[in-house]
Amino acid sequence: MSEKIGELYYENCKKYGFVETLDGYCLSPNKDGLKTFSFDSDGKVIIKEIQSLIKHKRRNDVYRIQLKHGKKIDVTESHSVFTLKEGKIASIPVNSLKKKI
């Protein structure tokens with residue numbers, strides 16, 4: 001499946017509704033058994049069922065990241081991104097990525 005996250009979220013909300021929390025998050029249940037890549041406790045990549053689809057108000061800048069194979073993704077500054085450092089998976093802040101020319 002190749003779908004934009006926002007479209008997937010809004011379609012899910014239409015089908016199953018959502019709950020808005022006091023801190024501005026909107027939660028929609030995953031009743032379709034959607035799955036994504038995740039890390040287990042040993043740092044191994046696994047496929048795991050999503051608990052809820054979550055949307056929050058954007059509070060910071062959007063960055064466009066180009067991956068090694070050429071695909072581009074747009075993420076907010078607070079989005080989690082991962083890399084390999086010394087053979088281990090490491091989380092890095094989006095705003096620490098360097099522009100490659």
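Me: Before we look at Phe-37, what makes a stretch a strand here?
Reply: A strand is a DSSP run of E with at least two residues, and strands are numbered from the N terminus. In this predicted model, Phe-37 is found in strand β3.

Me: Why is Phe-37 called exposed?
Reply: Exposed means over 50% relative accessible area. Phe-37 has 63% relative accessibility, so Phe-37 counts as exposed.

Me: Which residues form the nonpolar patch on the surface?
Reply: Phe-37 belongs to it, along with Phe-39, Val-45, Ile-47, Phe-82, Leu-84 and Ile-89. Together they have about 740 Å² of accessible area. Strands β3 (35–39), β4 (45–49) and β8 (81–85) each supply at least two residues of this patch.

Me: Now to Ser-28: why is Ser-28 called buried?
Reply: Buried means under 20% relative accessible area. The value for Ser-28 is 1%, so Ser-28 is buried. Ser-28 sits in strand β2 (residues 25–29).

Me: What makes the link between the side chains of Ser-28 and Asn-12 a polar contact?
Reply: A polar contact needs a suitable pair of N or O atoms within 3.5 Å. The side chains of Ser-28 and Asn-12 are joined at 2.6 Å, and that link is a polar contact. Leaving aside neighbours within four places in sequence, Ser-28 is also in contact with other residues, including Tyr-9, Phe-18 and Leu-53.

Me: How do you know that Glu-86 is exposed?
Reply: The cut-off is over 50%. Glu-86 has 83% relative accessibility, so Glu-86 counts as exposed. Glu-86 lies in the loop between β8 and β9 (88–92). From C-alpha to C-alpha, Glu-86 and Tyr-63 are 25 Å apart in space, and 23 residues apart in sequence.

Methods
Residues are numbered from 1 along each chain as its sequence is written. This is a predicted model: local features need pLDDT of at least 70, side-chain atom pairs count only at pLDDT 80 or more; totals for chains, interfaces and linings use all residues. Side-chain values use heavy atoms; hydrogens and water are left out. Helices (H or I, at least four residues) and strands (E, at least two) are DSSP runs, numbered from the N terminus. Buried means under 20% relative accessible area, exposed over 50%, partly exposed in between (1.4 Å probe, protein chains only). A polar contact is a pair of N or O atoms within 3.5 Å; within protein, one must be able to donate a hydrogen and the other to accept it, and residues adjacent in sequence count only if both atoms are side-chain atoms. Contact means heavy atoms within 4.5 Å. Patches are made of residues with over 30% relative accessible area and no salt bridge: like charges are joined within 9 Å, nonpolar side chains (Val, Leu, Ile, Met, Phe, Trp, Tyr) within 5 Å. Accessible areas come from the Shrake-Rupley method with a 1.4 Å probe; for residues, only the protein chains shown count as cover. A salt bridge is a side-chain nitrogen of Lys or Arg within 4 Å of a carboxyl oxygen of Asp or Glu.
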